[in-house]
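Student: Could we go through this model together, one question at a time?

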Amino acid sequence: MTTATSNLESSNLNTKIAGEAMEANRLVKGGTVEGEVLLATATTDIAIGVTRHKAAIGESVEIQTGGEAKIYTTAVALALNAQVMPGTGGAVLLATTNSRPVGIVMTATGGTLGELATVRLNVPNISGPAVP
């Protein structure tokens, strides 16, 4: 198991079972069975945390549920203080109208696929949509 050393807080950790193959630094949502997580990939997904390491289907995966976390980004620049939402493969992208934001960007990114953005988490994001 390779731990994501880039996540900035070690508190607010939880262990779940990967319902699919996962990479580090990806948003996850609750799975179809108790204790399982899946990648959060849709704007309406209720994200519950960020993976801290790579895991194969059926393996334990540690997720961070609060604080500031490094999250994989799509190929979209993210400005400081921008709200972000789940995107393809558990990455984050700019929140849109009627989406469920998962947090705010603490370090801007340049728009290169796979950059790691520091995001102040607001999960689970059940109060959305917050973006009018």
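The talk below covers a core, some strand pairing and a buried side chain.

Tutor: This is a predicted model, so local features need pLDDT of at least 70, side-chain atom pairs count only at pLDDT 80 or more, and totals for chains, interfaces and linings use all residues. Residues are numbered from 1 along each chain as its sequence is written, and side-chain values use heavy atoms, without hydrogens and water.

Student: Which strand gives the most to the largest nonpolar core?

Tutor: A nonpolar core is a set of buried Ala, Val, Leu, Ile, Met, Phe, Trp, Tyr and Cys residues joined through side-chain atoms within 4.5 Å. This one has 16 residues, and Leu-27 and Leu-121 are among those touching the most other members. Strands (DSSP runs of at least two residues, numbered from the N terminus) E4 (47-51), E6 (68-72) and E10 (116-121) each supply at least two residues. The top contributor, with three residues, is E10.

Student: In E3, which residue is the bridge partner of Lys-29?

Tutor: Strand E2 (residues 27-30) and E3 pair in the antiparallel sense over three bridges; pairing takes at least two DSSP bridges. In E3, Lys-29 is matched with Leu-38.

Student: Is Asp-45 buried or exposed?

Tutor: Asp-45 sits in the loop between E3 and E4. Its side chain makes a polar contact (N or O atoms within 3.5 Å, one able to donate a hydrogen and the other to accept it; sequence neighbours count only if both atoms are side-chain atoms) of 3.4 Å with the Lys-29 side chain. Buried means under 20% relative accessible area, exposed over 50%, partly exposed in between (1.4 Å probe, protein chains only). Because its relative accessibility is 11%, Asp-45 is buried.

Conventions:
Helices (H or I, at least four residues) and strands (E, at least two) are DSSP runs, numbered from the N terminus.
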